[in-house]
Each structure stands twice: as structure tokens, then as C-alpha cells.
Amino acid sequence: MDKMCTEALPLTMSSPEKQETICIFGTGDFGRSLGLKMLQCGYSVVFGSRNPRMSSLMTSGAEVLSYSEAAQRSDIIILAIHREHYDFLRELTEVLSGKILVDVSNNVKINQYSESNAEYLARLMPGAHVVKAFNTISAWALQSGALDASRQVFVCGNDSRAKQRVMDVVRNLGLTPLDQGSLLAAKEIENYPLQLFPMWRFPFYLSAALCIFFFFYCVIREVIYPYVYEKEDHTFRLAISILNRMCPITALTLLALVYLPGVIAAILQLYHGTKYRRFPSWLDHWMLCRKQLGLIALGFAFLHVLYTLVIPMRYYVRWRSRNITVIQVMTKKENPFSTSSAWLSDSYISLGILGFFLFVLLGITSLPSVSNMVTWREFRFVQSKLGYLTLILCTAHTLVYGGKRFLSPSVLRWCLPSAYILALIIPCTVLVVKFILIMPCIDKTLMRIRQGWERNTEFSKSAVNGKSDI
Amino acid sequence: MDKMCTEALPLTMSSPEKQETICIFGTGDFGRSLGLKMLQCGYSVVFGSRNPRMSSLMTSGAEVLSYSEAAQRSDIIILAIHREHYDFLRELTEVLSGKILVDVSNNVKINQYSESNAEYLARLMPGAHVVKAFNTISAWALQSGALDASRQVFVCGNDSRAKQRVMDVVRNLGLTPLDQGSLLAAKEIENYPLQLFPMWRFPFYLSAALCIFFFFYCVIREVIYPYVYEKEDHTFRLAISILNRMCPITALTLLALVYLPGVIAAILQLYHGTKYRRFPSWLDHWMLCRKQLGLIALGFAFLHVLYTLVIPMRYYVRWRSRNITVIQVMTKKENPFSTSSAWLSDSYISLGILGFFLFVLLGITSLPSVSNMVTWREFRFVQSKLGYLTLILCTAHTLVYGGKRFLSPSVLRWCLPSAYILALIIPCTVLVVKFILIMPCIDKTLMRIRQGWERNTEFSKSAVNGKSDI
Amino acid sequence: MDKMCTEALPLTMSSPEKQETICIFGTGDFGRSLGLKMLQCGYSVVFGSRNPRMSSLMTSGAEVLSYSEAAQRSDIIILAIHREHYDFLRELTEVLSGKILVDVSNNVKINQYSESNAEYLARLMPGAHVVKAFNTISAWALQSGALDASRQVFVCGNDSRAKQRVMDVVRNLGLTPLDQGSLLAAKEIENYPLQLFPMWRFPFYLSAALCIFFFFYCVIREVIYPYVYEKEDHTFRLAISILNRMCPITALTLLALVYLPGVIAAILQLYHGTKYRRFPSWLDHWMLCRKQLGLIALGFAFLHVLYTLVIPMRYYVRWRSRNITVIQVMTKKENPFSTSSAWLSDSYISLGILGFFLFVLLGITSLPSVSNMVTWREFRFVQSKLGYLTLILCTAHTLVYGGKRFLSPSVLRWCLPSAYILALIIPCTVLVVKFILIMPCIDKTLMRIRQGWERNTEFSKSAVNGKSDI
């Protein structure tokens with residue numbers, strides 16, 4: 001409908017009804033874009049400028065006046081000015097007294113100033129009602145109408161009436177205001193547009209580290225070892241074979257790391273006998289980025305699937321398969337069908353497919369719009385029950401892949417076991433501990449702790465007391 | 001931005017502005033979590049407790065008082081107490097008179113009590129304004145800030161002013177209030193968090209039944225039959241071959257079952273000559289869960305694609321392909337290229353790919369956030385036109401798969417036809433009936449009926465009258 | 001929760017609290033559905049009809065009265081009547097004076113009348129407050145409760161109090177009102193439900209044209225040429241081989257066309273030395289449908305992946321591979337392993353997989369619910385950085401695919417180069433120009449222009465002045 005808004009412009013200008021006037025200080029890019037959007041949505045707009053004759057630049061429909069003249073026209077003044085230039089507002093103290101000043105400014109770095117721009121403005125203009133808003137919206141997006149990313153406008157301010165009026169304006173522009181409380185939230189709001197996937201940082205670095213480790217581990221075993229001992233050039237394996245070893249191992253390890261913190265938390269709760277003792281902060285942080293870990297694991301699993309499915313198309317594989325056939329013909333050797341090999345090959349593939357399928361389901365349910373539609377009970381069912389089933393299937397897939405070779409000493413190269421054995425360590429640990437935790441006796445204690453029961457006698461009274469509370 | 005809220009805590013406490021005070025009865029897990037969240041979002045919080053000295057447990061920033069003292073501090077009292085303990089409120093009748101009591105309780109089972117908790121509370125405290133809210137939010141989610149699942153808070157109550165104030169609180173906590181009307185809705189709201197995918201239940205059981213039937217059907221034909229007659233051990237087929245037969249058959253049948261109710265409804269409307277006669281309730285229910293049926297069908301189709309793509313990697317397939325080559329070499333037989341075989345093989349694969357592609361498109365457009373962006377005309381275009389195209393492509397894929405063997409008696413085993421023939425029954429029926437329904441003469445009558453026209457003469461007057469109405 | 005609403009019906013009817021009454025003129029399908037929904041959500045509903053005795057048709061719970069009687073019962077009158085029949089309202093001018101008339105009508109064609117229905121109504125009834133609403137909601141959806149598609153209700157009107165009251169009703173029905181300003185927006189709101197993917201039209205036709213062109217190009221080279229010169233029947237290639245050539249070429253070309261307008265825009269900005277000169281309208285339109293172009297490209301890439309993965313299963317491929325083996329055995333020729341072939345084959349596949357993986361990531365982040373969660377900085381990072389990386393990987397995939405044959409004259413057929421060479425033209429151009437644009441000297445100028453700097457001397461003053469503005 002943004003297009004609609006744009007096209008309605010010429011008509012809306014002549015609207016018979018008297019519309020609210022909004023004043024914008026500053027004729028920079030953001031100021032102009034915001035002004036244009038407001039004109040399109042039926043506001044009357046007045047720009048305040050140091051040099052009002054510059055109006056040739058203005059979008060038709062808006063007046064450009066001096067700062068003080070413009071300010072007199074409206075209760076709401078939007079400051080599309082850099083913080084560094086707020087000083088000039090001192091001259092306007094009288095005119096701006098009692099008005100709503102909307103701070104839309106952003107900084108260049110996170111925590112650039114000790115005081116947020118909006119709080120600095122409020123200190124500068126104690127007579128005005130400062131509201132922080134619009135800083136998360138991009139000028140380009142306002143111009144183009146292509147508000148693909150966030151339509152959310154975080155709003156904060158100490159005067160709730162002023163905040164409410166700004167939120168009304170936000171709503172009328174087709175954006176979603178989110179009240180963030182008093183001006184004390186301004187610092188975070190100003191930092192928000194500068195952040196780059198903060199919750200993804202730890203999972204990203206962790207998975208990068210795992211990738212690099214497993215990559216070189218496999219290079220040593222599968223490229224350097226044969227080169228040293230058999231003088232064979234296996235470097236071509238770098239392009240697919242090694243990547244297809246690295247991806248599933250990283251995926252399985254990350255998936256297990258999604259469920260490890262829950263297991264650790266349960267052990268800590270059992271150990272302390274209460275749920276009210278805070279977890280160490282690393283565990284808290286870990287638990288908050290489980291979703292990101294899981295999604296990165298899904299990415300690696302997806303790559304693993306693609307790298308596996310292309311195997312029959314690879315030159316090396318076709319060459320080897322042809323050679324095996326030729327040798328079989330030449331040597332006239334029988335090639336009896338082995339039912340156990342067929343079982344092993346098929347069941348390891350089948351487990352992998354089922355595991356991947358459930359993993360994709362988990363990924364889909366973590367899409368914001370899907371997870372918003374489900375109740376908590378459903379969300380927990382999917383993320384915990386289905387999640388553990390996925391982990392079990394993927395671990396079984398890896399175990400069966402090993403098959404008969406599993407832990408046989410012949411696969412050791414320079415004492416290094418096959419890479420997939422490393423991949424099994426964390427998942428198996430998690431599954432074993434989880435299995436112990438869901439045994440009836442332990443599970444019952446854990447449930448009681450999670451419902452607020454506490455073991456320590458000194459709190460027993462409170463526990464009894466708390467029984468009536470939710 | 002939840003993190004923001006958390007971090008803003010110490011600052012917000014010293015906020016110069018006077019904030020609204022909210023009273024919470026009960027210091028259980030949910031009460032504490034809600035109180036902490038409210039503190040973070042700028043409210044001042046007072047806990048009411050049987051034993052106020054227990055304040056060591058409280059989050060700093062909130063006072064813990066006796067019930068009556070706490071209640072005097074605020075207009076809004078949140079009862080974080082189990083229904084079984086509401087009795088004690090009788091002692092506070094006077095203090096609570098005229099106040100807003102927010103019932104946040106949940107039950108353990110669906111329809112546990114004949115009267116909803118909120119209505120029971122309203123009967124207990126006739127002088128207070130009871131509002132049901134917050135019961136769909138999890139304490140853990142409030143604590144961790146990880147509100148991945150539903151941020152929706154269903155609110156109901158008989159006093160609209162009280163409801164409005166509670167909805168304002170909900171909004172300020174960053175949650176989405178949804179007004180559900182009077183307290184009579186409380187029962188459903190209390191049942192809501194206990195439900196586990198109610199709309200998915202019928203599609204799930206149906207597809208499970210189909211799966212099991214087709215699984216055993218294929219086991220009989222492809223494992224037991226060769227074992228009985230040729231003493232061959234084909235059990236290894238269970239892992240992939242049989243699953244890869246079961247999945248596409250179930251997927252195609254379910255996809256046809258998505259479109260069958262629409263066809264039945266059209267026939268019923270034609271038969272009755274009106275759209276105002278209610279459908280039988282099984283048809284209504286069936287029509288409401290078509291989306292779920294379609295998504296489960298997509299899941300099976302996805303599994304079918306994966307199971308098909310791994311075929312060239314399977315031990316059995318590689319073994320057989322090698323043997324065929326060896327025999328060709330040994331017998332020095334020619335292997336002429338058959339263009340018709342190439343056409344059959346390629347076109348059946350190609351139809352399957354196109355069908356799967358459209359199926360995935362349908363799945364993507366049924367994501368809540370995507371379907372929310374399209375108009376009704378677009379939604380119907382995708383779900384009906386593209387949907388039928390998908391069904392046609394998938395049915396054609398199955399028909400061409402049969403190819404020359406189709407209905408040849410040689411494939412009968414114990415009089416059982418190939419499984420894919422069973423898969424074709426419902427889709428072909430649906431397509432044939434739909435084809436009849438879209439023939440101009442029938443389609444025109446149907447369109448008139450759907451726009452409100454009625455055949456029966458007794459209503460002809462109303463039909464003429466209704467012509468002016470939308 | 002819609003189901004809840006439905007089930008709550010019988011109870012809500014007996015609600016002790018006095019609810020607002022809403023009047024609906026017209027007992028057509030939409031009128032009835034809306035009335036039923038309102039009853040379910042706790043409103044009291046009165047229908048106005050030409051022939052009130054027809055009440056047998058009505059849902060129990062609503063009264064049916066004559067127009068004037070019904071209108072007296074409520075402040076809000078919903079006109080579920082076709083525009084053609086608005087005339088009769090003249091008789092009710094007095095009764096309707098000061099009331100809120102809600103126009104819910106739609107037209108059959110876009111821009112059917114020069115004046116929107118709502119404006120026509122406002123001219124007809126100058127004493128009433130006309131509000132446009134509900135026209136984007138389908139009667140079927142209201143009936144079934146299956147509001148899968150848009151829950152958004154666009155509202156516009158000249159009287160903001162009247163608009164506000166209608167928006168409250170919309171909200172209470174569980175729908176999302178979107179204020180679109182004055183009645184001048186009614187025309188666009190009435191056109192909205194009639195549109196069919198307007199933003200997708202240009203990308204769709206463009207990709208269809210590309211598809212057709214490349215399809216016939218490949219048919220000429222790979223089916224007609226061998227038929228003419230070698231009398232070989234290669235028609236079976238139409239089903240997969242040709243499609244699998246057409247899909248990747250179209251995908252890569254479309255992907256490059258996503259980034260071409262940005263590059264053209266940058267060149268125009270550099271040429272004009274300002275960002276304030278409007279782009280030609282074709283470029284504006286092109287830039288607004290980049291997302292759609294990208295998603296269609298992803299669709300073709302997805303088809304390419306599927307068509308590639310089935311290669312080893314095709315009859316033709318298995319036949320050829322068997323023949324090669326047989327010939328190798330017969331001629332007793334050696335088949336030495338070529339490391340360079342292995343490298344080429346593996347790295348071209350690997351680049352394709354990585355490119356497709358990033359492409360899928362881009363597609364996921366363009367889902368509305370995902371892009372709504374990210375900040376602008378994050379959105380730009382994904383769409384620009386990751387987007388270019390995807391383009392580089394896919395172009396490299398195609399280049400390496402060519403491998404040694406690349407530009408060798410032996411592949412020319414009727415002077416036509418291989419199709420993949422055509423696919424490389426636009427991507428390589430885009431990448432080369434982009435590479436020039438990000439060279440420090442040019443990039444710096446571009447950044448300054450994008451921050452509002454202008455080269456032309458006449459504006460230099462304004463530029464200096466504008467430096468303080470955002």
C-alpha cells in the first residue's frame with residue numbers, strides 16, 4: 001500500500017480537511033524523506049532551515065521557513081540535525097518551550113557519547129518534551145517506500161502525553177511504534193541501528209572455529225597423510241570431499257551444543273536444589289543464542305545434503321566406479337550381493353534423511369511468523385521433543401555411517417581417528433546425560449525444582465508458602 | 001530489544017518520572033518473572049504475600065508487603081495464585097472493591113472446571129473488575145526475554161475500562177494484547193495454552209493411517225511376496241525403497257484430499273441450489289484443515305525427493321548397475337539406445353520436479369507472514385490455480401512413472417496392483433470431477449449460487465431483493 | 001483463536017453487559033458474514049433491509065428491520081450494498097445525518113468509476129461521516145474464520161473521530177486496521193483487492209521472455225543442429241537437458257539484473273554529481289522490483305539444482321556411462337586419473353553449491369517476518385554484501401563450468417556459442433563495473449553524494465549549510 005500512499009500525493013495536497021502541521025528542523029536527506037512521507041500521509045509539513053531561501057530543493061507542498069517561524073507553526077518539532085549542532089537550539093529556548101522535540105539522530109559508533117543524544121537534548125532544552133523516535137528508519141526506505149526491513153519505530157520519552165502524540169504520528173505513517181519507556185532507554189535505542197547481528201556473533205565465531213579445526217584435521221588425515229606415505233596427490237579432495245566431511249561434523253557438534261546448556265542448567269539446578277540461583281553468565285548467554293546455534297547447524301546440514309547428493313556426479317567417483325567394473329570384468333571375479341552392506345548403506349542414508357527432515361521442520365518453526373502462531377506448549381513440544389529426536393537421528397546416522405569400521409584401529413592415521421568419531425563425542429555425551437536426567441526419580445526432583453520448590457531447609461517455609469502461588 | 005529492556009533496569013529504577021504502581025499477589029515463579037519484567041519496563045511493583053518478610057527472594061526494586069497493604073498501593077492487582085487458593089481473597093473484599101483484578105491462572109487439563117477461573121473469581125469478588133490476561137505467556141520466556149513464541153496476550157473482561165487499562169500494561173511490556181470480549185471468553189482463553197496443535201490432529205492421524213496402510217501394502221508386495229516365491233531376502237528394501245514408495249503415495253493422496261472437500265462442497269451447493277445451507281460438520285472441519293493437510297503432504301513430498309535423489313548412492317543400486325554392465329560385456333550383447341525410454345524417464349522426472357517446485361511455492365505462500373502480505377484475490381489465485389496445477393503435475397508424474405507397465409497384469413502380485421496405482425485413485429477422481437465442474441454451464445450456475453442466488457422458488461423473492469446487497 | 005470466537009457465540013449472546021449496537025444495511029453474503037462475526041465478537045447487530053420479513057435467512061441473534069428503523073438503533077451503519085443502489089439512501093438523509101456510514105463496497109474492475117465509491121457516497125450524503133473500510137476482507141474468510149490471508153483492513157475517512165470508531169470495531173473483530181488518511185485514498189483502497197501481484201508483473205514477464213529465448217537458443221544448438229548434421233534424434237533432451245540449461249542461465253541473468261540498477265544508479269549519481277535528481281522512472285520501477293527479480297531467480301536456481309541432482313538417475317546418462325565402460329573394457333584402453341579434471345569437476349560443483357546456499361539465505365531473509373526483525377544495517381549487509389558474494393560465486397561457477405572449452409571455437413554451432421557464455425555477459429559486466437565503483441577514489445565521491453553533498457557550484461552553499469542536517 002506504500003505505492004498507494006505515494007500516488008495519493010497530489011490529491012492529498014488539496015484535501016479539504018485541515019490536517020495537523022508538523023515542523024522539521026533541518027533539510028538534510030533524512031529530514032526531506034520524512035517530510036515527503038508525512039506530506040503523502042496527509043500531514044502539513046513546515047521545514048525550519050538556517051537559510052530558508054534554499055526552498056528550491058524542497059519537495060513541493062512543504063514550506064521552508066526560519067527555525068523560529070517554523071517552530072511556531074507546530075507543536076511537534078522533529079530535529080533532523082546532527083547532535084554536534086544542537087547548540088543553536090539555545091537561541092530558540094523560548095519558542096520551543098512546552099513543545100515536543102523529536103530526536104531522530106543516530107551516532108556513528110556504539111556508545112559514542114557517554115550521554116545519549118536525546119538525554120543531552122533534554123538537558124539542553126529543559127522546557128521542551130523530548131521524545132526519541134524514528135532513528136531506526138532509513139531515509140532511503142522512506143523515499144522508496146520499500147520498507148522491507150524493520151517498520152518498527154522505537155519511541156521513548158519522559159512525558160507520556162508527548163510520547164503518545166509522537167506514536168500517533170508514527171502509526172499514521174504506516175509504521176509500528178514500540179514504547180520503550182523513559183528517555184533512559186534512548187542510549188540503547190541509539191545503539192540499536194548500529195548493531196550487526198549481536199546474537200549471532202558468538203555462534204558465528206564458534207562455528208567458524210569448529211569449521212577451521214575440522215577442515216585442517218581432515219586435510220592432515222586425507223591429503224597430507226597419503227601424500228607423505230603414498231606420494232598420491234589428493235588435493236582435489238579439498239573442493240568437495242573435505243568440505244563434505246567438515247559440514248556434517250560441524251552441524252552435529254553445533255546441534256549438540258544447542259542442547260548441552262539445557263543439560264548443564266538442569267545439573268546445576270539439581271546441584272543447588274533451587275531454580276532461583278542465577279546461572280553463570282556464560283551459561284545465560286549460551287542459552288539465549290541456542291536458536292542461532294541451531295540455525296547455523298541447519299545451514300551446515302543443508303550444505304552436507306547438497307555435497308552428498310552430488311557425489312555420483314563427481315569425476316572422481318565416476319572414474320573409480322568405472323575402474324571397479326573394469327577390474328571385475330578383467331579378473332572375472334564374482335561380486336556377490338551382501339545383504340548386510342545393503343542394510344548398512346540404506347539405513348545410514350535413511351536415518352540421515354529423516355534427521356535432516358526434522359531439522360528443516362525445526363528451522364521452519366523458528367521463523368518469527370510461525371513461532372508467533374503457536375502456543376508455548378506447542379513451541380516447547382517442537383523445540384524440545386522434536387529437537388531431541390533430531391539429535392538422536394543425526395547421531396544414529398553418524399554411528400551407522402561408521403558401521404563396521406567404527407573404532408577399528410586400522411583407520412588410525414598418525415594416531416588420529418576418523419573425523420566422524422570426533423563428531424560423536426558431544427552428541428553422545430548430551431544424549432547420555434539427558435537419558436539419566438529423564439529417569440523418573442531425577443526427573444521428578446527436577447520438575448519440583450522448576451515449579452519453585454527448593455531443597456535447602458532454610459527456605460522450606462517459603463517453599464510451603466509459595467505453593468499457593470503461580 | 002528485549003535485551004535493551006533488561007540492561008536499562010538499573011537506570012530505569014532511578015527514573016525521575018513517577019510511574020504507575022502495579023500490585024502482584026503471590027511470589028511464585030510467574031509472579032516474580034512478571035514483576036521483574038514490569039520493573040524493567042518502568043513500572044513500580046509491589047508484591048502481596050502471606051509472609052512479607054520473605055523479601056530476600058524478591059528482585060531488588062520491588063517491595064513485598066502483606067496482601068492488604070499491597071492492594072492499597074495500586075488499582076491493578078495481578079493474582080499470581082492458583083485457583084484453589086482464591087478463597088483467602090474473601091478477607092480482602094473491602095480493599096479490593098472497585099479495583100482491577102487480573103486473573104493470570106491456568107489449569108492443568110482442558111475444561112478442568114465447569115466454570116472458568118476468571119468467572120469464578122468474578123463471582124467471588126463481585127465488587128472488583130476481573131480481567132483475564134497473561135495466561136498464555138510463559139514465566140521462562142518473561143525471565144529470559146526470549147519471547148520467541150507467542151507474544152500475544154488474550155485479554156477479556158466485562159468492564160471495558162478495566163480491560164483497556166490492562167491492555168495498556170500488556171502493550172507497555174512489549175506484548176500484543178488481543179481483546180477477546182467479555183469474561184465468557186475466559187474458558188477458551190484458559191484452554192488455549194493447554195492445546196497441542198488442535199488443527200493438526202485430524203490431518204496427522206489421517207496421514208499416519210495412510211502411511212501405515214501403504215507401508216504394509218508395499219511390504220507385502222515387495223518383501224514378503226519375493227520371500228515366499230523366490231526365497232529372496234529383500235528386507236533391506238525397508239530402509240529406503242519401501243519408504244520411498246510410501247512417501248509419494250501418501251503425499252499425492254493427501255494433496256488430492258486438500259481439493260476433494262472443495263469439490264464435494266460445490267456438488268452439495270449445486271444439489272441444494274443454495275449456499276446458505278450449512279455443510280455437514282465433517283465437511284466444515286475438513287475444509288478448515290486443508291492447509292494442514294497440504295503442509296503434511298509437502299513434508300512427504302520433500303522426503304520423497306530426498307529418498308529419490310540418494311538412489312544412485314545406494315549400495316544395492318551401484319551393485320546392480322555394475323552387474324548389468326558386467327553381463328553386457330560378458331554376453332557381448334548390444335545395448336541400443338531407446339529414445340522412447342529416454343523420453344519416459346526424463347519426462348516423468350521432469351514432471352515430478354515441476355510439481356515439487358510448485359508445491360514448495362504453495363508451502364511458502366502459506367507461511368503466515370507471506371499470506372498476510374497478499375490480497376484475497378492473490379491468495380485465492382495461488383492456492384486454487386497453482387494448487388490445481390500442482391495436483392495435475394504430480395498426478396501426471398505418477399501416471400508417466402507407470403509408463404508402459406501401467407495396468408499390465410504382469411505386475412499383479414497376489415492380485416495386488418502396484419502401489420502407485422492406488423495413489424492415483426483419489427487424485428484422478430478429484431481432477432475429473434473438477435473438470436466437469438468448470439465446464440461453462442455448470443460453472444455459471446455455481447458462480448451464481450456463490451454470489452447468493454438460490455434456486456428454490458420460495459426464496460426467489462429474497463434473491464431478487466438481495467441482488468442489490470453485497 | 002478464531003475458533004474460540006465462534007464457539008463463544010451462544011454464551012456471548014447472553015452477555016449481561018450492554019454492548020455497542022452496529023447496523024448493517026443489506027442482507028447479502030458479505031453483510032451476513034460481517035454481522036455474524038460481529039455477533040461472535042460481542043456486538044449487538046441490527047440489519048436494515050428493504051423487506052424485513054425475510055428474517056428467516058438471518059443468523060439468529062440479529063434483528064432485521066426496515067432501513068430507517070435499523071439506522072436509528074446505531075451510530076455506525078455499514079453499507080453492504082452495491083454502489084449502483086446507493087440512490088435509495090437519499091430517502092434516509094435525515095435519519096443518517098451525523099451518523100458514521102461505512103462503505104465496504106468493491107468494484108469489478110480497477111478504476112471502474114472516475115470517482116471512488118466512498119467519495120460518491122460522501123457527495124450523496126454530505127451530512128454523514130463516510131468511512132471506507134472492510135473492502136479487503138473476504139466474506140468467505142469471515143464465515144470460515146480461516147483468515148489466512150490479509151487481516152489488514154485499510155481505513156480512510158475525512159472525519160478522524162468517525163475513522164477512529166470504525167478502527168476500534170475493526171480491532172475488536174481481531175483484524176488490523178491501517179489508517180490510510182482522508183477519503184482521497186478510497187480510490188486506491190478500492191483498487192487494492194482487485195490487483196494481482198502488481199510488483200511481480202514486470203519480473204514475471206521479463207523472466208518469461210528470458211526463458212523462452214534461452215529455451216529456443218538451446219533447442220537450436222542441441223536438438224536441431226544435431227538433427228540437421230548428424231540425423232540424430234535428440235528430442236528427448238527437451239524434457240530435462242534443455243530445461244536444465246535454460247534454468248541456470250535465466251537464474252544467473254536475473255540475479256545480475258537485481259544488481260544492475262544499483263550500479264546504473266551509482267553511475268547516474270556520479271554523472272550528475274547529486275542524489276537529488278530523480279532517476280528515470282524505468283530505473284525507479286526496476287529498483288522497486290529487485291526483490292521480486294531475486295526471488296524468481298532463486299526459483300530458477302532451485303529448479304536447476306533439482307534438475308542437476310537427478311542427472312545420474314536419467315536413462316540416457318546411465319546408458320552412456322555403461323557404454324563408456326563397455327568400450328573401455330573392449331578396447332582394453334587405460335583410463336588414467338586426471339587430477340585437473342577432478343579439480344575442475346569438483347570445484348565447479350562446489351562453487352555452485354556455495355552460491356545456491358547463499359542464494360537460499362538471501363531468500364529466507366527476504367521473508368517479511370525475518371526482514372522485519374533485522375535492523376537496516378543488518379538488512380543492507382545481507383542484501384548487499386551477501387548478495388554480491390552470491391553473484392560472484394554463481395558467476396565463478398559458470399566460468400569454471402566452461403573450463404577448458406571456454407571460448408574455444410570448436411563449440412560454435414552455426415556460429416552460436418554455448419548458451420552459458422550468453423549467461424555470463426550481464427553478470428560479468430555488473431561485477432566489473434561494481435569493482436570499479438568500489439575503488440577508493442570513486443567510492444569516496446559516491447559516499448559523499450549519498451550523504452547529500454552536491455558537486456555543482458550553484459548548490460555549494462546549500463551543501464555547506466546542509467552539513468549540519470541529517
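# A buried glutamate and a three-fold arrangement

The side chain of C:E190 reaches the backbone nitrogen of C:A118 at 3.2 Å. A polar contact is a pair of N or O atoms within 3.5 Å; within protein, one atom must be able to donate a hydrogen and the other to accept it, and residues adjacent in sequence count only if both atoms are side-chain atoms. The model described here is predicted: local features need pLDDT of at least 70 and side-chain atom pairs count only at pLDDT 80 or more, while totals for chains, interfaces and linings use all residues. Residues are numbered from 1 along each chain as its sequence is written, chains are lettered from A and ligands numbered from 1 in the order in which they are written, and side-chain values use heavy atoms, with hydrogens and water left out.

## The surroundings of C:E190

C:E190 belongs to helix α9 of chain C, which covers residues 186-191. Helices (H or I, at least four residues) and strands (E, at least two) are DSSP runs, numbered from the N terminus. With a relative accessible area of 1%, C:E190 is buried. Buried means under 20% relative accessible area, exposed over 50%, and partly exposed in between, for a 1.4 Å probe and protein chains only.

Contact means heavy atoms within 4.5 Å. Residues up to four places away in sequence being left out, C:E190 touches C:D103, C:S105, C:N106, C:N107, C:S116, C:N117, C:A118, C:K132 and C:N135.

C:E190 also helps to line the largest cavity, together with C:N107, C:N111, C:Q112, C:Y113, C:E115, C:S116, C:N117, C:K187 and C:N191. A cavity is a set of points, on a 1 Å grid over the protein atoms alone, where a 1.4 Å probe fits but cannot get out; lining residues have an atom within 4 Å of a point. Grid points are joined across faces, edges and corners, and a volume is the space filled by probe spheres set on the points. The whole structure holds 6 cavities of 30 Å³ or more, and the volume of the largest is about 40 Å³. Helix α9 of chain C contributes the most to the lining of this cavity, with 3 residues. By type, the lining comprises 1 nonpolar, 6 polar and 3 charged residues. Here Ala, Val, Leu, Ile, Met, Phe, Trp, Tyr, Cys and Pro count as nonpolar, Asp, Glu, Lys and Arg as charged, and the others, Gly among them, as polar.

## How the chains are related

Two copies of a chain are related by a rotation about an axis and a shift along it. Chain A is superposed on chain C by a rotation of 120 degrees with 0.0 Å of shift along the axis, at an RMSD of 0.0 Å. The two copies are therefore related as by a three-fold rotation axis. The C-alpha of A:S369 is the one in chain A nearest this axis, at 3.2 Å. The superposition is by least squares on the C-alpha atoms of residues with pLDDT of at least 70 in both copies. Only 9% of the interface residues of chain A are also interface residues in chain C, so the copies meet through different surfaces.

Chain B is laid on chain C by a turn of 120 degrees and a shift of 0.0 Å along the axis, with an RMSD of 0.1 Å. In chain B, B:S369 comes closest to the rotation axis, its C-alpha lying at 3.2 Å. These copies use different surfaces as well, since 10% of the contact residues of chain B recur in chain C.

A:V329 touches residues of both other chains: apart from its neighbours within four places in sequence, A:V329 is in contact with B:V326, B:V329, B:M330 and C:V329.

## Chain A and selected residues

Chain A contains 20 helices and 8 strands. Of its 470 residues, 56% are buried. Among its contacts between residues at least 6 apart in sequence, 72% join residues at least 24 apart.

The table places several residues by element and accessibility.

| Residue | Location | Relative accessible area | Class |
|---|---|---|---|
| A:S321 | helix α14 (residues 315-331), chain A | 39% | partly exposed |
| A:V329 | helix α14, chain A | 6% | buried |
| A:F134 | loop between β6 (129-132) and α7 (139-144), chain A | 1% | buried |
| B:Y192 | loop between α9 (186-191) and α10 (198-230), chain B | 8% | buried |

A:S321 and A:L92 are 229 residues apart along the chain, and their C-alpha atoms are separated by 84 Å. B:Y192 and B:N106 are 86 residues apart in sequence, with 9.4 Å between their C-alpha atoms.

Two phenylalanines have a positive phi in a residue other than glycine: A:F134, near 70 degrees, and C:F197, near 50 degrees. C:F197 sits in the loop between α9 and α10 (198-230) of chain C.

Key
1 Å grid on protein atoms, 1.4 Å probe; cavity = no way out; pocket = protein on both sides within 12 Å on 5 of 7 lines; lining within 4 Å.
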